[in-house]
Amino acid sequence: MNRRTQGMKYSLTAFAAASALLFSATVSADILSVEAEVQYWQAKPSGGHTPQVVTLPGGVEIDNEQREYFWSDSGQARLGVSLYHFIPFIPNIKVETQQLKYSAARDIITIGGTPYTVDLDLGHETYTLFYAPLDNGLTEFKFGVSLKQFDGHITEFQAASSTAVWRIKEDVYSGYVRGAASLPFTGFSVVAQGHVGVGSHDTYDVEAAVRYRFLDSMMFDGHLSLGYRSMKLHFNNERSINTYHEFKGPFLNLALRF
C-alpha cells in the first residue's frame, strides 16, 4: 500500500472518528464542536513540468526541456474534519486530505521522436490553524495559517515502460481566510475561502459556492454547497524539476456540524 493510499485510509478513519465524537460534542456543545466535510471536485488540469536534466533513449542528455500534456479532467475527493472550541486565544484546527491524481494517456507530445505519457500525483494533506471571530447563523469570518504537505510524484512512460520518475515532496505554508453571508429566512448563503502560499513556490487554492442549509437543529447543522474551485501549484526545485500545474472546475460539498 503506497503512502497516498495510506493517507486516504487514515483520513477516512479520522472522518469516521469525528462522527463518533457526536455524543460527547452534543453533550458539551458549549465548549466543543466538530464539523466533517466531503467534497467531490470535477477538476480539469493543465500545465506540465520542466526537468533540470533528462536522459533520452540512447543516453543523450538534455537540460530544461519543457513538457506539456493534454490532460483529461477527472473527479477528485477531499475529506476534512474541523475542531472548534471556545477557549480565547487558542486557534481552532482543521485537517484535510486531497486526492489529486491524473494520467495523460492520450498525450501526443514527442521527445526525441518517441511519444511519452505521464502519471501525476499531487495529493496532499492540509493542516490549518484558524480563529473564527464571527461564526453565527448569518455571517462567518475565519482567518489563520495553513500547511500543505505534498508527497507525490511525476512518472513518465514510453509505451508501458517507466522512463523517468520525479518525487514531489514539498511543504507549502499559506495564509487562510474564509467568509460567508446568509440570506435570512431562506437557508441560502454564499461562502468563499482561500489558501494563498508564501515563500518560493507560487501556489493558491481558492473556492466560492452557493450553500444551502438543509439541516438546522440543536444537535446538527448540515450544509450542501455547489461552487467552483481553482488551484495553482507551481513548484521550483533547481536540483530536480520545476512543475506548473493548475486545476479548475465545479464542486459539490457536504458538511455536517455536531
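The following paragraphs lead the reader through this structure, from the whole chain to single residues.

The model is predicted, and its confidence should be considered before its details. Over the chain, the mean pLDDT is 83, and 76% of the residues score at least 70. Strand β6 (residues 92–98) has the highest confidence in the chain, at a mean of 97, while helix α2 (residues 22–27) has the lowest, at 42. Residues 18–29 stay under 50 in pLDDT, and the model gives this stretch eleven contacts beyond four places in sequence. Where pLDDT is low, the predicted coordinates should not be read in detail.

The overall composition comes next. The chain contains two helices and 17 strands. Of its 258 residues, 44% are buried. The accessible surface amounts to about 13,300 Å², and carbon and sulfur atoms account for 62% of this surface. Among contacts between residues at least 6 apart in sequence, 62% join residues that are at least 24 apart.

How do the strands fit together? Strand β17 (residues 241–257) pairs with strand β1 (residues 32–51) in the antiparallel sense, over 15 bridges. Within this pairing, Ser46 has Glu246 of β17 as its bridge partner. Strand β17 also runs antiparallel to strand β16 (residues 221–236), and 16 bridges join these two strands. Here, Gly227 has Phe251 of β17 as its bridge partner. Strand β17 is thus paired with β1 and with β16. A general rule is useful when viewing such elements: in a regular strand the side chains alternate between the two faces of the sheet.

Charged side chains provide further links. The whole structure holds 17 salt bridges. One of them joins the side chains of Asp135 and Arg257, with an N to O distance of 3.0 Å. Because Asp135 lies in strand β11 (residues 124–135) and Arg257 in strand β17, this pair ties together parts that are 122 residues apart in sequence. Asp135 is partly exposed, at 31% relative accessibility, whereas Arg257 is buried, with a relative accessible area of 17%. The reason for the second label is that a residue counts as buried when its relative accessible area is under 20%.

Another salt bridge connects Lys232 and Asp202, whose closest N and O atoms are 2.7 Å apart. Lys232 belongs to strand β16 and Asp202 to strand β15 (residues 202–216), so this pair ties together parts that are 30 residues apart in sequence. Lys232 is buried, at a relative accessible area of 15%, and Asp202 is partly exposed, at 37%. A salt bridge also forms between the side chains of Glu140 and Lys142, at 3.3 Å from N to O; both of these residues are buried. In addition, a network of salt bridges links Glu37, Arg78, Lys94, Glu96, Lys148, Asp205, Glu207 and Arg229.

The last stop is a single residue, Gly152, which lies in strand β12 (residues 139–158). Is Gly152 buried or exposed? Gly152 has a relative accessible area of 6%, so it counts as buried. Which residues is Gly152 in contact with, leaving aside its neighbours within four places in sequence? They are Asp121, Trp166, Arg167 and Ile168. As for Glu170, which is 18 residues away from Gly152 along the chain, the C-alpha atoms of the two are separated by 9.0 Å.

Methods. Residues numbered from 1 in each chain as written. Predicted model: local features only at pLDDT ≥ 70, side-chain atom pairs only at ≥ 80, totals over all residues. Heavy atoms only, no water. Helix = DSSP H or I, 4+ residues; strand = E, 2+ residues; numbered from the N terminus. Buried < 20%, exposed > 50% of the residue type's maximum accessible area, 1.4 Å probe, protein only. Contact = heavy atoms within 4.5 Å. Pairing = 2+ DSSP bridges. pLDDT = per-residue confidence, 0-100. Areas by Shrake-Rupley, 256 points an atom, 1.4 Å probe, with all protein chains shown as cover. Salt bridge = Lys/Arg side-chain N within 4 Å of Asp/Glu carboxyl O.
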